[in-house]
Amino acid sequence: MLKLWDNNHDYHSFANSDQVKVTHLSLLLDVDFAAKQLVGQVELQLEFIDKKTTELWLDSRDLLIEVVYGNGEQQLEYSIDKHDVTLGQRLNIQLLPATQSVTIRYRTSVNAQGLQWLTPQQTSGKSLPFLFSQSQPINARSWIPLQDTPKARITFDAVITAPKGMRVVMSALNDAEVELTGQFTFSMEKPMPTHLLAIAVGELAFAKLGSRTGVYAEPEIIDSAAIEFEDTESMVEVAESLLGPYPWGRYDMIVLPPSFPFGGMENPRLAFMTPTLIAGDKSLVSTVAHELAHSWTGNLVSNATWRDLWLNEGFTTYFTNRIVEAVYGKEQAELEVVLEHGRLYEAIASTALTAQTLPANMQQQDPNEAFNRFTYDKASMFVHDLERRLGREAFDKFLFQYVQRFAFEAITTETFVSYAKQTLLLEHADKITEAELLEWIYGEGMPSWYVEPTSTSLDKVIMALKAFDDGASAASLMTQGWRVHHWQYFLTHLPQKLSHQALVDLDNQFNFTQSTNAEIACDWFRVAIRNEYQVVLEAVAAYLVKIGRGKFVKPLYAELLKAGFEVQAKQIYAKAREGYHPSIVVMLDQQLLQ
């Protein structure tokens with residue numbers, strides 16, 4: 001039976017944000033490491049769209065609600081609905097006629113999916129514990145009761161109390177010079193989506209990178225982080241030349257412990273980064289460019305629902321490539337697009353055709369599943385195709401005007417299509433038709449006219465692959481001067497089936513099993529596991545215990561299970577599970593604890 005969806009409705013939020021809108025949050029929270037809880041209150045300022053509204057519906061997940069007040073003094077009645085495994089619980093608050101604000105006293109659960117509490121032993125310094133949040137896509141509701149939908153932009157202020165000697169930072173204005181007295185104040189005066197609410201607490205040092213850029217990290221890695229990310233200020237300047245002035249004031253980053261489940265998270269004024277980016281040669285800093293690019297495409301212009309995620313990730317992935325080209329050169333930019341294409345085609349081979357559209361039609365599924373190669377790489381290829389058709393100058397003008405038109409708004413796929421019809425299709429009717437635009441967005445698979453990206457820089461890698469396939473030894477391959485991207489292409493394009501002799505030859509020559517580059521190690525482990533090269537299992541176990549980034553751990557566990565190493569996979573997971581972020585644990589439990 002055909003399902004008819006309301007594409008303007010956020011199916012992943014209980015909030016009645018179309019009737020009453022939360023415009024501002026005021027947080028007052030204590031960080032309790034012993035209990036692994038945030039304890040305190042949030043005050044929500046309300047704006048009534050429907051003046052007759054008598055209820056406020058909020059999103060929550062496993063929150064312990066103590067009391068609710070209207071206007072700070074009148075106790076309000078409330079109820080909590082039955083728990084939904086994906087969405088959590090709806091918090092229903094009965095409003096009085098004069099209610100303009102709601103204050104909720106609460107505490108988080110020790111199982112909050114949006115928070116990870118680390119013991120001192122799980123940090124670099126081994127002396128103090130650590131806390132960090134991950135709100136995207138729908139985990140802000142596990143540490144704040146709120147309208148947890150990207151449709152509902154909010155400003156916020158906060159007062160956070162933590163143990164003396166520890167630093168608290170948030171997705172707001174941070175003061176690197178503030179004394180560590182135990183109390184920290186924050187302000188975010190620009191309206192942002194709730195999935196960008198972020199907090200981190202730990203032993204943190206700061207390094208200045210530029211006049212408006214810097215990085216926080218544990219003292220043990222702050223120097224290497226500063227060196228790795230030293231080009232950040234240049235990236236900001238390049239981005240501004242394309243899409244206009246940086247809209248958030250400062251662009252600081254924080255390097256989190258290895259259990260952080262993503263490469264990066266674009267929280268405004270404080271982007272979160274994985275330590276796996278610190279490769280020592282700046283080969284992986286495109287993730288820094290990616291999170292910076294989100295400052296315009298994602299944070300400034302946002303997806304209205306998680307179905308529309310491609311508007312964030314596709315434009316940002318394209319925009320990242322433009323920054324990389326300007327800062328690191330055309331060769332590296334071309335290589336990264338080719339690798340994107342490779343990831344996309346790997347996903348195409350294993351994904352149902354009906355799921356290969358730009359809108360992630362996840363209305364009745366976990367929105368975490370929306371973060372796939374189609375919302376990222378297929379969407380990026382669409383934007384690259386627009387540039388190719390229009391020419392860079394004309395496309396840059398369209399992109400700039402699009403971002404300025406929808407600044408500080410959340411839009412749907414259909415909003416974008418309507419805008420494109422009024423601009424792109426009228427001004428460039430000779431270069432793209434409505435049918436072609438709609439085929440890219442709603443069509444399954446790739447359009448028939450799609451042109452695969454290429455890079456002449458890969459010719460030497462292709463020659464090496466052919467030579468190795470023809471029986472040449474690893475030592476005879478001409479690999480001098482290869483970048484990380486060349487090695488990634490080489491590893492991901494090796495034959496699916498390789499003899500143990502060939503694997504031993506490669507490993508002895510290039511020492512892949514002991515690689516300190518997380519990307520190369522993961523690609524090599526996947527090759528080795530699928531060919532039952534058991535020599536790598538000890539190194540794989542150490543890697544999976546040390547690193548919690550979903551991009552690496554999910555495919556490696558999948559490869560182990562597929563290759564018949566189920567016992568080993570479960571043994572590794574039993575040891576590693578405690579160090580993974582709750583959002584990763586939820587997904588891996590389904591695979592490994594059945």
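Which helix supplies the largest share of the lining of the second largest pocket? The legends below, which describe a predicted model, begin with that pocket.

**View 1. The second largest pocket and the residues around it.** Helix α15 is the one to look for, as it gives five residues, the largest share of the lining. To find α15 in the sequence, go to residues 537-546. Two more helices, α14 (518-530) and α17 (566-576), join α15 in supplying at least two residues each. The pocket has a volume of about 930 Å³, and 38 residues line it. A good place to start is with the residues that lie nearest its centre: Pro258, Pro275, Thr276, Lys546 and Ile547. By class, the lining of this pocket is made up of 19 nonpolar, 14 polar and five charged residues.

**View 2. Helices α6 and α7 where they meet.** Here α6 covers residues 373-390 and α7 covers residues 392-405. Their axes come within 6 Å of each other and cross at roughly 130°. The two helices are therefore oblique to each other. The crossing of α6 past α7 is right-handed. On the α6 side, the residues in contact are Val383, Leu386, Glu387 and Leu390, and they meet Arg392, Ala394 and Phe395 of α7. This contact brings together five nonpolar and two charged residues, with no polar ones.

**View 3. The largest cavity and its lining.** How much space lies in the largest cavity? The value is about 70 Å³, and the count of cavities of 30 Å³ or more comes to one. Several parts of the sequence contribute to the lining of this cavity, which you can trace in three steps. Begin with Asp6, Asn7, His9, Tyr11 and His12, continue to Thr305, Trp306 and Arg307, and end with Ala360, Met362 and Gln363. Sorted by class, these lining residues are four nonpolar, five polar and two charged.

**View 4. Backbone details at Pro137 and Asn511.** As background, most peptide bonds are trans, and most residues other than glycine have a negative phi. Against that background, the bond that joins Gln136 and Pro137 is a cis peptide bond, with omega at about 0°. You will find Pro137 in the loop between β10 (130-133) and β11 (154-161). The other detail is at Asn511, which is not a glycine and yet has a positive phi of about 55°. Asn511 sits in the loop that runs between α13 (500-510) and α14.

Technical notes
Residues are numbered from 1 along each chain as its sequence is written. This is a predicted model: local features need pLDDT of at least 70, side-chain atom pairs count only at pLDDT 80 or more; totals for chains, interfaces and linings use all residues. Side-chain values use heavy atoms; hydrogens and water are left out. Axes are lines fitted to C-alpha atoms, for helices over the stretch in contact, and angles run from 0 to 180 degrees between N-to-C directions. Helices (H or I, at least four residues) and strands (E, at least two) are DSSP runs, numbered from the N terminus. Angles under 35 degrees count as roughly parallel, over 145 as roughly antiparallel, 65 to 115 as roughly perpendicular and the rest as oblique. A crossing is left-handed if the near helix is turned anticlockwise from the far one by less than a right angle, and right-handed if clockwise. Contact means heavy atoms within 4.5 Å. Ala, Val, Leu, Ile, Met, Phe, Trp, Tyr, Cys and Pro count as nonpolar, Asp, Glu, Lys and Arg as charged, and the others, Gly among them, as polar. On a 1 Å grid over the protein atoms alone, a cavity is a set of points where a 1.4 Å probe fits but cannot get out, and a pocket is an open set with protein on both sides within 12 Å along at least five of seven lines; lining residues have an atom within 4 Å of a point. Grid points are joined across faces, edges and corners, and a volume is the space filled by probe spheres set on the points.
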